[in-house]
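Please load the model in your viewer with the sequence panel open beside it, and follow the selections in the order given below.

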Amino acid sequence: QDVIDANHPLISAESIADVTYTSVASGATKLLAADFSSANTQAGITFSFIVKAVDSNNNLDPSNTSHITITPEAGSGLTFSLTDFGASVTEADLSGGFVTLYCRGTKAGTWNVDLGASAPVLAPASFETQISANNTVHHYVFETPVTAVAGSDFQMRLQAKDVYGNLVTTANYDIGIRAVQAVDTTAASSDVISVTSGTISGGVYSESNFSYNRAEEIRLEVSDMVSPVVGVTDLILITHAPAYQIVETGGDSTGVAAGDSVLVRACVYDIYGNRVSGAGVSFSILEGGGGLAASQRFTRADGTTSVSYRTGTAAGLNRVRAAILDGNPQGLETQTYEIYTVPSNVISYVLLSIEGNSFRAGENFQCHAAAYDQFDNLMTTDNSSRLVPVAQSPSIAFIPDTLTLSAGEASFTAYDTVMGVNRIAIESETGSVLAPFGELLTITAAPAYILAKV
């Protein structure tokens, strides 16, 4: 309706009746989307608008009952309803020339909506609507490396997202950061992450100077004082740093039988005390001879390695060196093993010595026995083995007749009562020959003692 009022200098406007004209639509020719409740709406929030059937001058045609279709842009996630918020619809009927629709979006962006009409046909219309992220942060999305080296920098990037996965650009607040266990994310890890706080700005936080010194699987937890949101990253495997120190874990020994083998063991660590796998360890003999099963080994997954060392055949000190890198400084990159060997406990042979080779009958002579192992080591640790001296002819008497070794040796006295030749050997108690019959002993007559009638 339009109202026309009259006015005259001598006659007041109130004295003249108003003239009212009512315009009528000439008939709807097109659709029009109007009366939007919001021009920029947060994701998940409903806004309304009216679809009208209008003529060329945008006048509503109240008699129009066209059937309309609503087609949102592909990928927009826009849904429409006849109520706030009922069943989703993609078409509707005009009543009185219009229909009120409710719309809700979940994806941030500017989206196009096409409107079409049939029965009767009207010119289509379209409009754009802008959906912004919901201001409420629902969760965090992280970007972190799968692995990182202990003590070396790595990056973590965080995005604050709403419940629909949109970046919340209005998020601006401080956060706390800590390293947590890989399995139980409520429990702190065994070490502390280098960066423990930061600030989200425009919904994003990024830091490239994170470092962690313990070789283990961890996750990073992010929390804040503004919201109850707590986020945890994917698994990050912290691997060991380069080899730094070698530590002896076994090998120093005493009482090893000469010629026997011992296992020389070591463990390699990085500068942070993590065990290092795949580190090359070189082994060499410094003293004592013998042989190594290998001159180099590589550490296992747990950082340990070992090599078998066959000690030298001479009883005494054996020294073996283990080294990583260039072996310098020695206190960190080398270890020396000391293995003290003793003769074997098995007698291989006995050396028999006799003070002279010619004696009068009945004359005492001194004998000495010394037991040796297979490598010619005097069996200085043997204080119990028993030896038996035997004579080729049974006329020799031995005092004592059974010998007990002391530090591998024993002395005894012997005499022969029969003039002639004889020899002495040494046997074990079981009859094994340890010293074969030696040089001939000549037994001469004793001094005259009695005159006998022949």
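**A tour by selection**

Select strand 16 and strand 17 to begin: the two run antiparallel and are joined by four bridges. This is a predicted model, and the residue numbers used here start from 1 along the chain as its sequence is written. Within this pair, centre the view on Ile175, whose bridge partner in strand 17 is Gly198. Strand 17, residues 197–200, shows an alternation of its side chains, with Gly198 and Ile200 pointing to one face and buried, while Ser197 and Thr199 point to the other and are not buried.

Keep Ile175 selected and display its contacts. Beyond the neighbours within four places in sequence, Ile175 is in contact with residues including Tyr140, Leu158, Thr196, Tyr205, Val222 and Asp224. Ile175 also belongs to the largest nonpolar core, which has 27 residues, and Ile175, Tyr140, Tyr205, Phe210 and Leu220 are the ones that touch the most other members. To see where this core comes from, colour strand 13 (139–143), strand 15 (154–161), strand 16 (173–181), strand 18 (204–210), strand 19 (217–223) and strand 21 (236–239), each of which supplies at least two of its residues. Apart from this core lies another, of 26 residues, among them Ala43, Phe49, Leu94 and Leu122.

Next, select the charged pairs; the structure holds five salt bridges. In one of them, the side chains of Lys52 and Asp35 meet at 3.4 Å, N to O. Lys52 lies in strand 5 (residues 46–54) and Asp35 in the loop between strand 3 (30–34) and strand 4 (40–42), so this pair ties together parts that are 17 residues apart in sequence. Lys52 is partly exposed at a relative accessible area of 22%, and Asp35 is partly exposed at 48%.

Move then to Glu143 and Arg157, whose side chains meet in a salt bridge at 3.5 Å, N to O. The pair links distant parts of the chain, with Glu143 in strand 13 and Arg157 in strand 15, 14 residues apart. Glu143 is partly exposed, with a relative accessible area of 47%, and Arg157 is partly exposed with 27%.

A further pair to select is Glu287 and Arg319, which form a salt bridge with their closest N and O atoms 3.6 Å apart. Glu287 lies in strand 25 and Arg319 in strand 29, so the pair ties together parts that are 32 residues apart in sequence. Now show the backbone of these two strands: strand 25 (residues 280–287) and strand 29 (residues 317–323) pair in the antiparallel sense over five bridges, with Ser284 standing opposite Arg321. Strand 29 also pairs with strand 30 (residues 334–342), again in the antiparallel sense, over seven bridges, and here Asn318 has Ile339 as its bridge partner.

From there, go to Ser306, which is placed in strand 28 (residues 304–310). Is Ser306 buried or exposed? At 13% relative accessibility, Ser306 counts as buried. Its side chain makes a polar contact of 2.9 Å with the side chain of Arg300, and, not counting residues up to four places away in sequence, Ser306 touches Leu263, Val264, Arg265, Arg297 and Arg300.

Finish at the open sheet of three strands, whose order is 32-41-38 with mixed pairing. Strand 32 (358–360) and strand 38 (420–422) are the edge strands, each pairing on one side only, and the twist averages 30 degrees from one strand to the next. Strand 38 and strand 41 (residues 441–444) pair in the antiparallel sense over three bridges, and Gly420 stands opposite Ile443.

Definitions and conventions
This is a predicted model: local features need pLDDT of at least 70, side-chain atom pairs count only at pLDDT 80 or more; totals for chains, interfaces and linings use all residues. Side-chain values use heavy atoms; hydrogens and water are left out. A nonpolar core is a set of buried Ala, Val, Leu, Ile, Met, Phe, Trp, Tyr and Cys residues joined through side-chain atoms within 4.5 Å. Buried means under 20% relative accessible area, exposed over 50%, partly exposed in between (1.4 Å probe, protein chains only). Contact means heavy atoms within 4.5 Å. A polar contact is a pair of N or O atoms within 3.5 Å; within protein, one must be able to donate a hydrogen and the other to accept it, and residues adjacent in sequence count only if both atoms are side-chain atoms. Two strands pair if DSSP finds at least two bridges between them. Axes are lines fitted to C-alpha atoms, for helices over the stretch in contact, and angles run from 0 to 180 degrees between N-to-C directions. A salt bridge is a side-chain nitrogen of Lys or Arg within 4 Å of a carboxyl oxygen of Asp or Glu.
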